[in-house]
Amino acid sequence: MRHWILESSTPTRSGGRAIVEMIDQVAELKKAGANVHGRWDAIVHFCRRYPLGAIGGVIFVVFVFCAVFADFIAPFDPLQTDASTSLAAPNDSMIMGADMMGRDVFSRIVHGARISLAVGVASTLLGGLIGVFIGLMSGYLGGWFDLLMQRLIDIMQALPLLALALVMAASLGPSLQNTIIAISIPLVPHIARVIRSNTLSLREMPFVEAARAAGMSEIRVAIRHVLPNTLAPLIVLGTAQLGAAILTEAALSFLGLGIPEPHPSWGRMLSESAAEYMRVAPWLVIYPGLAISLVIFGTNLLGDALRDLLDPRQRS
């Protein structure tokens with residue numbers, strides 16, 4: 001069925017009615033995904049409607065694939081040194097060249113994807129769990145708990161993410177676990193703010209009042225009825241925070257406060273070669289920097305598409 005809107009309700013200066021637009025209901029329903037059936041159709045619809053998001057998803061999936069199967073993709077051991085191939089230019093056996101210790105750059109980048117994604121995902125999940133708990137309890141309970149948590153969050157948000165992560169990493173020391181903790185804590189305020197704002201609007205909804213009237217406890221209402229309705233903005237925010245977490249890990253490793261040697265980290269690879277070998281071996285800087293840029297670019301594109309898909313109010 002097709003509906004056409006041919007005339008506006010506002011008369012023109014000449015006294016007639018202006019022709020405004022023609023709406024094809026079938027095309028609009030198809031554009032909104034009303035005819036999507038099955039998982040494959042949903043993927044095709046997502047790719048057609050959000051091509052940039054699909055590109056970002058492909059980039060992210062490629063890096064995840066490399067991280068999972070790094071042991072099979074990498075042609076060399078990322079920790080194996082060989083003085084005879086020190087600073088070797090890209091060639092048939094080492095497509096991205098070798099570093100100053102003769103280690104294959106491609107193998108280190110592939111294994112570095114495992115480190116970067118592991119730190120990014122783990123820190124995002126940890127920060128998300130803490131932020132969801134604080135935001136949910138703060139917005140639902142209110143009172144002194146909300147006042148105390150919001151003042152604490154204000155203090156944490158006074159520092160930029162990287163600055164707070166630097167303070168945490170310097171206090172805890174360089175290690176994989178400490179890097180995850182140092183990055184996850186600065187992510188908590190942003191997630192807590194979003195969950196709290198959604199909780200404040202949801203706790204006054206009729207279905208929440210009905211659950212209370214049915215005799216459900218406040219904790220059960222918050223977990224069973226309020227929390228599931230905050231998942232859409234949480235997914236969007238988590239995708240955006242993932243890129244920030246990966247970039248922060250690279251920055252911490254570049255400064256020597258992140259992943260220590262001998263673990264291959266993209267930020268550490270830049271730190272070792274940027275100043276001394278930039279002119280004689282530019283591939284030591286180009287390829288790690290390109291890997292960092294691509295994975296953050298992909299997560300940002302995917303996050304923007306998920307925002308438009310899950311939050312219609314943000315659609316342009």
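This is a guided tour of a predicted model, stop by stop, with selections to make in the viewer.

**Whole chain**

Start with everything shown as a cartoon. The protein has 13 helices and zero strands. From the N terminus on, the order of elements reads α-α-α-α-α-α-α-α-α-α-α-α-α. Now colour by accessibility. Of the 316 residues in the protein, 43% are buried. Turn to contacts next. Take the contacts between residues at least 6 apart in sequence: 64% of these join residues at least 24 apart.

**Stop 1: F60 in helix α3**

Select residues 51-68, helix α3, and pick out F60 within it. Is F60 buried or exposed? F60 has a relative accessible area of 18%, so F60 counts as buried, the cut-off being under 20%. Show what surrounds the side chain. Leaving out residues up to four places away in sequence, F60 touches L117, L242 and T299. Then add V295. F60 and V295 lie 235 residues apart in sequence. In space, their C-alpha atoms are 6.1 Å apart.

**Stop 2: L87 in a loop**

Move along to the loop between α4 (70-73) and α5, where L87 sits. Check its backbone. L87 is not a glycine, yet its phi is positive, at about 55°. L87 has 28% relative accessibility, so L87 counts as partly exposed.

**Stop 3: α5 against α10**

Select residues 105-141 for helix α5 and residues 218-226 for helix α10. A short reminder before looking: two packed helices are described by the angle between their axes and the distance between the axes. Here the angle is about 120° and the axes are 11 Å apart. The two helices, α5 and α10, are therefore oblique to each other. The crossing of α5 past α10 is right-handed. Show side chains at the contact. On α5, display L136, M137 and Y140. On α10, display E218, V221, A222 and V226. By class, the contact of α5 with α10 holds six nonpolar residues, no polar ones and one charged.

**Stop 4: α7 against α8**

Select residues 176-202 for helix α8, together with α7. How far apart are the axes of α7 and α8? They come within 8 Å and cross at roughly 145°. The crossing of α7 and α8 is right-handed. From α7, the contact uses L161, L164, A165, M168, A169 and L172. From α8, it uses N178, I181, A182, I185, P186 and L187. Eleven of the residues in the contact of α7 with α8 are nonpolar, one is polar and none is charged.

Stay here and zoom in on M168, in helix α7 (residues 161-172). M168 is at 22% relative accessibility, so M168 counts as partly exposed. Not counting residues up to four places away in sequence, M168 touches A182 and I185. Draw a distance from M168 to I185. These two residues are 17 apart along the chain, and their C-alpha atoms are separated by 8.3 Å.

**Stop 5: helix α11 and its exit**

Select residues 231-254, helix α11. Draw a line between its end C-alpha atoms. How does the span compare with what 24 residues at 1.5 Å a residue should give? The expected span of α11 is 34 Å and the end C-alpha atoms are 34 Å apart, so the two agree. Step just past α11 to G256. G256 takes a positive phi of about 85°.

**Stop 6: R268 in helix α12**

G256 leads to the next selection, as it is in contact with R268. R268 is found in helix α12, residues 266-273. R268 has 14% relative accessibility, so R268 counts as buried. Show its partners. Leaving aside neighbours within four places in sequence, R268 is in contact with S253, F254, G256, I259, P260 and E261.

**Stop 7: α12 against α13**

Keep α12 and add helix α13, residues 283-310. Their axes are 9 Å apart and pack at an angle of about 150°. That angle makes α12 roughly antiparallel to α13, since the cut-off is over 145 degrees. The crossing of α12 past α13 is left-handed. Display W266, G267, M269, L270 and S273 on the α12 side. Opposite them, on α13, are L284, V285, P288, G289, A291, I292 and V295. The contact of α12 with α13 has nine nonpolar residues, three polar and no charged. V295 closes the tour: its C-alpha atom is 6.1 Å from that of F60.

Definitions and conventions: Residues are numbered from 1 along each chain as its sequence is written. This is a predicted model: local features need pLDDT of at least 70, side-chain atom pairs count only at pLDDT 80 or more; totals for chains, interfaces and linings use all residues. Side-chain values use heavy atoms; hydrogens and water are left out. Helices (H or I, at least four residues) and strands (E, at least two) are DSSP runs, numbered from the N terminus. The expected span of a helix is 1.5 Å times one less than its number of residues. Axes are lines fitted to C-alpha atoms, for helices over the stretch in contact, and angles run from 0 to 180 degrees between N-to-C directions. Angles under 35 degrees count as roughly parallel, over 145 as roughly antiparallel, 65 to 115 as roughly perpendicular and the rest as oblique. A crossing is left-handed if the near helix is turned anticlockwise from the far one by less than a right angle, and right-handed if clockwise. Contact means heavy atoms within 4.5 Å. Ala, Val, Leu, Ile, Met, Phe, Trp, Tyr, Cys and Pro count as nonpolar, Asp, Glu, Lys and Arg as charged, and the others, Gly among them, as polar. Buried means under 20% relative accessible area, exposed over 50%, partly exposed in between (1.4 Å probe, protein chains only).
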